[in-house]
Amino acid sequence: MFVIIGYIVVVGALLGGYLGAGGHIGVLVQPFEFLIIFGGAVGAFIVSNSPKILKATMGALGSAFKGTKYTKEFYLETLTLLNNIFIKIRQQGLLAIESDIDSPNESPIFSAAPNVMADHHAMEFLTDYLRLMVAGNFDVHQMDNLMDLDIETHHEEEHLPIGALSRLADGLPAFGIIAAVMGVVHTMGSVGKPPAELGQLIGAALVGTFLGILLSYGFIGPLAGLLEQKLGESTKYYQSIKAGLIASMNGYAPPVAVEFARKVMFSTERPPFAELEEHLKNNKATG
C-alpha cells in the first residue's frame, strides 16, 4: 500500500509542478521513448541474470507490495514458541521434543504458533537446529558458527534479486540517454521542417532522458531500497532465534534464553519485558 502511495506522490508532484509551470501533458506522452528505455533495460536485465535470479526477483517484487510480517505480534508469537520449547527441554530433556520437530503440524507447541508455522524458512531454520541439538555431540561454539554461516548464506541469497534490481535502476538513465540521442538523430534528419515542428521533435527527444531518470530514481531504485530493508528485518529475525537457541544450549533457564532472543530484536518491534512476561504466562504450552 505504501509503495503505491509513494508512486502516486512521485507522479503527482512531478506532473503538478510541470503543469503548474504551464507545461503540456501531451508532450510527455512518448510511448516509443518508453519502449526504447524500458524494453532495452529489461533486455539487458535478462541477459545479466540467470533464470534463478530472474525468478527470485519476480518473487521479491511481489513481496515489496506487502506489509512486513515482522511485527511485535509476530515476535511475541516466536518468543512464546521458543519459551515453550525450552521449558519442555528443561523438564523432559532434549529427546522429548523429537516428535515435535518431526511432526510440527501435530505438535501442540508448534500449533500454537500458526504465523511462525506459515513461514517455511523460519520453520526450517528452527527445526533444523533443534534437530542438531537433539542429535547431540555439538559444541556450542560450533553451533554458533554454523548458525552465523547459515544466516550469512540466507542474507547473500536474498540479496541477489536486490542487486539485480539495483543494476536495472542504474542502467535506466543510460537507456534514457540512448533514447534521447536517437530522438536527436531523428530531429537532425528533419532539419527542413518548420521551427515549431523541430521544437516538438527536440522536446520529444529530451523526454527520453527524463523518463530514464524518473524510472530509475522514482520507481525501480526505491523498490530495491525497500527490499534491502525487508531483508534486514528477515536477517534480524533469524539472529533473534539463534540467540535464544545458543542461550538454551548454554544451560540458561527458559525465561533467560528468551530474553537473549528478545534483546537482539530491533527496538521498534521488540516487546517490552513486562508485556512479554505477561504474554508468556498466558500462553503456556498445553502439551
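Lys and Arg are counted here as positive and Asp and Glu as negative, with His and the chain ends left out of the count. On this basis the protein, examined as a predicted model, carries 18 positive and 27 negative side chains. The centres of the two sets are 3 Å apart.

The fold consists of helices: 13 are assigned, and the number of strands is zero. The order of elements from the N terminus is accordingly α-α-α-α-α-α-α-α-α-α-α-α-α. The radius of gyration is 27 Å, well over the 19 Å given by the globule rule for 287 residues, so the protein is more spread out than a compact globule. Along the principal axes, the C-alpha atoms fill a box of roughly 90 × 40 × 30 Å. Buried residues make up 40% of the 287. The exposed surface comes to about 15,500 Å², of which carbon and sulfur atoms supply 65%. Among contacts with a separation of 6 or more, 76% are between residues 24 or more positions apart.

The largest nonpolar core contains 40 residues. Leu81, Ile85, Leu126, Leu130, Tyr237 and Leu245 have the most contacts inside this core. At least two core residues come from each of α5 (72-92), α7 (108-111), α9 (120-135), α10 (140-188), α11 (195-249), α12 (254-264) and α13 (273-282). The greatest contribution is that of α5, with nine residues. A second core, separate from this one, has 26 residues, including Phe45, Ala179, Leu211 and Leu215.

Contacts around Ile85 illustrate the packing in the largest core. With neighbours within four places in sequence set aside, Ile85 is in contact with Ile97, Ile109, Phe110, Leu126 and Leu130. Of these partners, Ile97 is located in the loop between α5 and α6 (98-102). The relative accessible area of Ile97 is 2%, and a residue counts as buried when this value is under 20%; Ile97 is therefore buried. Beyond residues up to four places away in sequence, Ile97 touches Ile85, Lys88, Ile89, Leu130 and Val134. Ile97 and Ile109 are 12 residues apart along the chain, and their C-alpha atoms are separated by 9.5 Å.

Helix α12 has six named positions in its buried set: Pro254, Ala257, Val258, Glu259, Ala261 and Arg262. The helices against which these buried residues pack are α5, α11 and α13. A contact between α11 and this region is provided by Ser240, a residue of helix α11 that is in contact with Tyr75, Ala261, Val264 and Met265 when neighbours within four places in sequence are left aside. Ser240 is buried, at a relative accessible area of 2%.

Two further buried residues belong to α11. Leu231 lies in this helix and has a relative accessible area of 5%, which places it among the buried residues. Apart from neighbours within four places in sequence, Leu231 is in contact with His154, His155, Glu158, His159 and Ile162. The C-alpha atoms of Leu231 and Leu54 are 17 Å apart in space, with the two positions 177 residues apart in sequence numbering. Gly218 is likewise found in helix α11, and its relative accessibility of 10% makes it buried. Outside the four-place window in sequence, Gly218 is in contact with Tyr7, Val10 and Ile213. Gly218 and Ala169 stand 49 residues apart along the chain, with a C-alpha separation of 9.5 Å.

Leu149, in helix α10, has a relative accessibility of 42% and counts as partly exposed, a class that covers values between the 20% limit for buried and the 50% limit for exposed residues. Leu149 and Tyr237 are 88 residues apart in sequence, and the distance between their C-alpha atoms is 15 Å. Tyr237 is one of the residues with the most contacts inside the largest core.

How values were computed: Residues are numbered from 1 along each chain as its sequence is written. This is a predicted model: local features need pLDDT of at least 70, side-chain atom pairs count only at pLDDT 80 or more; totals for chains, interfaces and linings use all residues. Side-chain values use heavy atoms; hydrogens and water are left out. A nonpolar core is a set of buried Ala, Val, Leu, Ile, Met, Phe, Trp, Tyr and Cys residues joined through side-chain atoms within 4.5 Å. Buried means under 20% relative accessible area, exposed over 50%, partly exposed in between (1.4 Å probe, protein chains only). Helices (H or I, at least four residues) and strands (E, at least two) are DSSP runs, numbered from the N terminus. Contact means heavy atoms within 4.5 Å. The radius of gyration is taken over C-alpha atoms; the globule rule is 2.2 Å times the number of residues to the power 0.38. Accessible areas come from the Shrake-Rupley method with a 1.4 Å probe; for residues, only the protein chains shown count as cover. The place of a charge is taken as NZ of Lys, CZ of Arg, CG of Asp or CD of Glu.
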